[in-house]
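Colleague: I've got the sequence and the model open side by side, and I'd like a close look at one part of it. Could you pick a spot, go through it piece by piece, and then tie it to what lies around it?

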Amino acid sequence: MTSKTNILLFGATGYIGGSVLNRLLSHPKADTFSITATVRSPEKAKLLEKLGVKAEIASLSDLDKIEELSSRAHVIFNVANSDDLPAINALLKGVRKAHETTGELPILIHTSGTGEIAEPANGEYAAETVYSDLNVEQLKAIPETAFHRKIDLAVIGADEQGYARSYIVIPGMVDGIASGPVFEAGIANPISIQIPALIKEALDRKQAGMIGPGKAVWPIIHVDDTADIFIALFDAISADPQSAGHGWEGYYFGVSEHVSFYEIGQAIGQALVDLGLAKDAEPTTFTDEELVKHWGSVLAGKYGGTTCRCRADRALAIGWKPKYGAKDLLAGIKPEVEYEFKRAQENGGVDFTKQKRHGALLKNALESN
């Protein structure tokens, strides 16, 4: 009897992590996997067990638990916080232990974000530099002070030191409402951060908004296409470890097209007009006072005015094919507006508590880089 592949997933209750878990559960070789996922809630642990997933109660601050779990895994999907250095160091200690114990090279697929290549633009222009995940020298030149960079360098370091094969998936702005068993069971969060945040702000001010004139562009990718990158990469590694670049050659951008924040604002504005929630579809510039109200600080709020461009050359080379593009993102905004409007009605107004919490983390990460 062939032993099963021990897969460890951090971030199963999240938007992307839940989508990756859905893919693993429906994978053609799912019966050869033994999947473990960490959750903080005993209730969600029970729900995961019903889906055939072994649940471990742990948060990212439970460093000894993270190390111990990582030391027993063949494959680790880290789809949790992209900026928690103590947690990634604990994970890597476990991976090193696994290598020293078995002599094998554990697989680590880590999630970063294109904030790593974003430049502050205050919404006034679109980035000219286009990053390619095949251009290793360009990737090496990203400053250590960049967003997410310290964690990514630690992940690559494990590969360079020879005790793991590391891969970094770097999605752009992820869109769409996630679906599937993990979401239907109430285990994972079905919505993203950036576009829902803009929608909540628009509902609060009764008009779509943007940073500056909204000329900044970002790479975009649908949540289903994002999950597909992880599985395309996992399948390529499983079939032939030499077929997929790792370490410094293991960056995989997740992008289908690019969209400006003005275009997003227009789509949100039109949805508000269509739903009778606003009279004018044209987005206007957020004031500093609004950014503080929505994000807790101007610094965190103005992150929505940064800009970057990239190409998913390496991801395409391993067989990944995006199904959705900019038109789909813009067409999908109205259902997201309806979703957020319904939530606001149920909660007695737009709730910015979670967004401000994210804003505090974002501010801290930006200030420490």
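Modeller: I'll start with one strand and its sheet, then go on to the other sheet, a helix pair and two single residues.

Ground rules first. This is a predicted model, so keep in mind that local features need pLDDT of at least 70 and side-chain atom pairs count only at pLDDT 80 or more, while totals for chains, interfaces and linings use all residues. Residues are numbered from 1 along each chain as its sequence is written, and side-chain values use heavy atoms, leaving out hydrogens and water.

The strand I'd pick is E10, residues 217-222. Helices (H or I, at least four residues) and strands (E, at least two) are DSSP runs, numbered from the N terminus. E10 is mostly covered, with 6 of its 6 residues buried; buried means under 20% relative accessible area, exposed over 50%, and partly exposed in between (1.4 Å probe, protein chains only). In a regular strand the side chains alternate between the two faces of the sheet. Here Val217, Pro219 and Ile221 point one way from E10, while Trp218, Ile220 and His222 point the other way, and all are buried.

What does E10 pair with? Strand E8 (residues 173-175) pairs with E10 in the parallel sense over 3 bridges, and strands count as paired if DSSP finds at least two bridges between them. In that pairing, aspartate 175 sits opposite histidine 222. Strand E12 (residues 257-260) runs antiparallel to E10, joined to it by 4 bridges. Proline 219 has histidine 258 as its bridge partner in E12.

Put together, that gives an open sheet of 3 strands with mixed pairing, in the order E8-E10-E12. E8 and E12 stand at the edges, each with a single partner strand, so one side of each has no neighbour in the sheet. On average, neighbouring strands here are turned by 45° against each other, direction ignored. Two helices pack on this sheet. Helix H9 (residues 223-239) touches E8 and E10, and its direction makes about 75° with that of E10. Axes are lines fitted to C-alpha atoms, for helices over the stretch in contact, with angles from 0 to 180 degrees between N-to-C directions. Helix H10 (residues 261-274) touches E8, E10 and E12, at about 70° to the direction of E12. Contact means heavy atoms within 4.5 Å.

Now the other sheet. It's open too, with 7 strands in parallel pairing, ordered E3-E2-E1-E4-E5-E7-E11. Strand E3 (54-57) and strand E11 (251-254) are its edges, each with a single partner strand, so one side of each is left without a neighbour in the sheet. Its neighbouring strands are turned by 20° against each other on average, direction ignored. Helix H1 (residues 15-25) packs on it, touching strands E1 (5-10), E2 (33-39), E4 (75-78) and E7, and its direction makes about 160° with that of E2. Helix H6 (residues 149-160) also packs there, touching strand E5 (107-111), E7 and E11, with an angle of about 150° to the direction of E7. At the E11 edge, strand E7 (residues 165-171) pairs with E11 in the parallel sense over 4 bridges, and isoleucine 168 has tyrosine 251 as its bridge partner in E11.

There's a helix pair worth a look as well. Helix H8 (residues 194-205) packs against helix H11 (residues 288-295) at about 120°, with the axes 11 Å apart. Ala197, Glu201, Asp204 and Arg205 in H8 meet Glu290, Lys293, His294 and Trp295 in H11. By class, the residues of this contact divide into 2 nonpolar, 1 polar and 5 charged; Ala, Val, Leu, Ile, Met, Phe, Trp, Tyr, Cys and Pro count as nonpolar, Asp, Glu, Lys and Arg as charged, and the others, Gly among them, as polar.

Finally, two single residues. Serine 70 lies in helix H3 (residues 63-70) and is buried, at a relative accessible area of 0%. Leaving aside neighbours within four places in sequence, serine 70 contacts Leu8, Phe10, Ile76, Leu91, Gly94, Val95 and Ala98. Valine 136, in helix H5 (residues 136-140), counts as buried at 15% relative accessibility. With the same neighbours within four places left aside, valine 136 is in contact with Trp248, Glu249 and Arg314.
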